[in-house]
Amino acid sequence: GKKLIQFKPDLMILDLHMPNMDGFEVCKQVKEDASTKKIKVLIMTGHGTKENIDKALSFGADAFLNKPSSKNKIISCVEKLLKSKIKS
């Protein structure tokens with residue numbers, strides 16, 4: 001959390017299942033904090049159920065990819081998110 005606030009990346013990639021705090025909670029906290037809410041959040045997970053996709057998007061995720069995803073699909077998604085960040 002401290003690194004995120006210090007570094008303020010343009011984009012972060014989260015898995016839903018992480019130790020101590022899941023990706024949903026991280027996404028929610030990032031999007032609710034005024035100093036980090038503009039960071040684009042890409043969720044990547046091997047648990048791409050409709051429920052997980054809907055929940056992630058409702059918590060503010062900007063995009064969702066299932067694992068495994070091809071390198072080209074990941075790059076395309078990242079490029080799209082970063083281009084939209086430039087426009088906003």
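These are my notebook entries on a predicted model.

**Ground rules.** I number residues from 1 along each chain as its sequence is written, and I use side-chain values from heavy atoms, with hydrogens and water left out. In this predicted model, local features need pLDDT of at least 70 and side-chain atom pairs count only at pLDDT 80 or more, while totals for chains, interfaces and linings use all residues.

**Cores.** I looked up the largest nonpolar core (buried Ala, Val, Leu, Ile, Met, Phe, Trp, Tyr and Cys residues joined through side-chain atoms within 4.5 Å). It has 14 residues. Met12, Leu14, Val30, Val41, Ile43 and Ala56 have the most contacts inside it. At least two residues each come from strand S1 (11–14), helix H2 (23–32) and strand S2 (40–45). Helices (H or I, at least four residues) and strands (E, at least two) are DSSP runs, numbered from the N terminus. H2 gives the largest share of this core, four residues. I also found a second, separate core of eight residues, with Leu11, Met44, Cys77 and Val78 among them.

**Ile43.** I listed its contacts (heavy atoms within 4.5 Å). Leaving out residues up to four places away in sequence, Ile43 touches Leu14, Leu16, Gly23, Ala56, Ala61, Ala63, Phe64 and Leu65.

**Thr45.** Is Thr45 buried or exposed? Thr45 counts as buried because its relative accessibility is 0%. Buried means under 20% relative accessible area, exposed over 50%, partly exposed in between (1.4 Å probe, protein chains only). Thr45 lies in strand S2.

**Asn72.** I placed Asn72 in helix H4 (residues 71–87). Asn72 is exposed, at a relative accessible area of 58%. Asn72 and Ser84 are twelve residues apart in sequence and 18 Å apart in space, C-alpha to C-alpha.
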